[in-house]
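Colleague: Please take a close look at one helix in this model, and tell me how it sits among the parts around it.

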Amino acid sequence: MNEELRKYVERTRRDIESGADATIVCFGDSITAGYAVRRGFPSFLLESLRQRFPDSKIEMINSGISGDTSQDGLSRLDWAVLSYEPDLVTINFGINDCVLGLSLEEFEMNLVEMVRRIRAGPDSEILLLSSQPLESPPYDQRVLDYYQTVERVAKEMNVGFVDVYGAWMKRVRVGMPLDSLILPGLDHPNEAGYRIIAEELMSLF
């Protein structure tokens, strides 16, 4: 699966392999921002990229804001993403849309509009990310509909889809306790959980 996904970061990978500069914007909500942890996935990803590609100057911009829905993200897309003219953008919304009651249709339209505007502007490569499993039972099942919408938009718009939920569940199925990856009572990743997200992204490079 990751081999298939690699085509969606081909230009960025080629640039950093050749030692060229690259700018990556991680765009999203608190899962991107790194709520209540010292280091989130953008930090771990940057560390791994710099270790593998020491000759390339990689700039990693964390444009995550806690509490944001896809509607909030769309309203700040110009200054939070397009203004940097990035080579690659990761987009991660969904949990707040679910919890705050934005419809799946509105969520989908917002994601599609983000992809369109990025393509019309800097034409960055784009990865859409789902988020992790939730420990809150009423929301864990509901949020899967939003993750499936992310996957469908990625397919329809021909951008990459990184299945964070699947990556976590793969580890849970082989015995890793879900609560070992989540901040107690907060339904947000701890640093071990963030490392999994960074590893999934790093596998594309």
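Modeller: Helix H10, residues 164-173, is largely enclosed by the rest of the structure, because 7 of its 10 residues are buried (under 20% relative accessible area, against over 50% for exposed and in between for partly exposed, with a 1.4 Å probe and protein chains only). This is a predicted model, in which local features need pLDDT of at least 70 and side-chain atom pairs count only at pLDDT 80 or more, while totals for chains, interfaces and linings use all residues. Residues are numbered from 1 along each chain as its sequence is written, and side-chain values use heavy atoms, leaving out hydrogens and water.

The buried residues of H10 are Val 164, Tyr 165, Gly 166, Ala 167, Trp 168, Met 169 and Arg 171, and they pack against S4, helix H9 (137-157), S5 and helix H11 (191-202), contact being heavy atoms within 4.5 Å. Helices (H or I, at least four residues) and strands (E, at least two) are DSSP runs, numbered from the N terminus. Just after H10, Gly 175 has a positive phi of about 110°.

As for the two strands that H10 meets, they belong to an open sheet of 5 strands in the order S2-S1-S3-S4-S5, with parallel pairing (at least two DSSP bridges between two strands). Strand S5 (160-162) and strand S2 (58-64) are the edge strands, each pairing on one side only. Strand S1 (residues 22-28) runs parallel to S2 and is joined to that strand by 7 bridges, with Gly 64 in S2 as the bridge partner of Gly 28.
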